[in-house]
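Open the model in your viewer and keep the selection box ready. We will go stop by stop.

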Amino acid sequence: MRFRLIDDPAGLDRLCRGLGRERRIALDCEASGFHRYSDRLCLLQLTTSSATHIVDTLALDPAPALRGPLADPETQVLMHGADYDLRLLDRDLGLSVRGLFDTQVAAALLGEKSTGLAALLERYHGVKLSKKHQRADWARRPLPGDMLEYAAADTEHLAALADRLRARLERADRLEWADEECRLLERTCWSEEGGGEDPACRVRGARELGPREVTALRQALAWRDRIARARDRAPFRVAGDDTLVKIAADAPASVSELKAVRGMNSELARREGADLLRRLARVAQLPETELTGYPHRSGALRPPQDVEQRAERLKRVRNRWAEELEIERGVLLPNALLLELARRRPRSLAELAEVAGLRKWQAELLGAALLAALA
């Protein structure tokens, strides 16, 4: 095997001693969100100068061994698309990363059209990554050898890819751009997203339902969530959103009617359907005044005409530079940031630098042109 599986304290101790001598670590995470209710961290893959290590984070806590090396800014940590992995590391292990170099960020700043790891490895190194286990259940134990091989491949080529991308960044005089983006990315930590959001807003098709149907949909979502949590399954694996929308619209009154809904698992309807039917029956009895329809946000109003006009001028500047630099427009300057600039209307480079979200490299590169467009 080309990797070492670490699932006991002795193996973790050996890894800890070895990491102290490394100046470069490639890191990746595997979580269980596609199959399980919780997207808990299941594996850590670390490739050093001598070996690839796969740490079973369900068997032991690697945080004490990894905290020092990962937090040392003198140790370069290579990751690809690090944003969500950094959140998992913070939430599940209390770990943060310094010395980050994100190969996806680097590729985007170089204008690569396909910034996925598989596409970049094939383009730069002729390496073809398997897609066999893209949606595997990483919480299953024991993990078969081919899944571990698949996990190991995510980090064993990162150092070579990083070298190629870094060299291109230097030649293009964009290495400082990547460094700034990576330093900002290091601040990423876990936050509970959408804590106060109406669950109906996350369901396609809910917008077209009436108030009673939306109220029923919320009850169906709560029913699904209860079952998913109890079974430790991803909610969509219990019942799909389309099925719940259909149930909310049709309001089945019996288990047999529930089974007949397209996409509904008949065994689930038999075992758990009574609870859902009770919920739907209560919604059916509610007076109109107690129904809550789909929320239509009043905050999504169009900006004033003068702001829109300034934003359009800024877009023309951004688009011209993006074409010249051969970089995606949204990577160079996202539309939301352009709209904020149009609202704030900074009059100087100092005021421009105070706009939240604007990078130093963006201000230095485009500052004069942006200010001219706002004048």
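Start at glutamine 45, which stands opposite isoleucine 54 in S4. This is a predicted model: local features need pLDDT of at least 70, side-chain atom pairs count only at pLDDT 80 or more, and totals for chains, interfaces and linings use all residues. Residues are numbered from 1 along each chain as its sequence is written, and side-chain values use heavy atoms, leaving out hydrogens and water.

Now select strand S3, residues 41-47 (strands are DSSP runs of E, at least two residues; helices are runs of H or I, at least four; both are numbered from the N terminus). S3 and S4 pair in the antiparallel sense over five bridges (pairing takes at least two DSSP bridges). Four residues separate them in a hairpin.

Add strand S1, residues 3-6. Four bridges join S1 to S4, and these strands run parallel. Isoleucine 6 has valine 55 as its bridge partner in S4.

Color S4 next. Five of its five residues are buried, so S4 is largely enclosed by the rest of the structure (buried means under 20% relative accessible area, exposed over 50%, partly exposed in between; 1.4 Å probe, protein chains only). Thr52, Ile54 and Asp56 point one way from S4, His53 and Val55 the other.

Step on to alanine 59, in the loop between S4 (52-56) and helix H2 (63-71). Alanine 59 is partly exposed, at a relative accessible area of 45%.

Last stop: tryptophan 138 and tyrosine 150. Both are buried.
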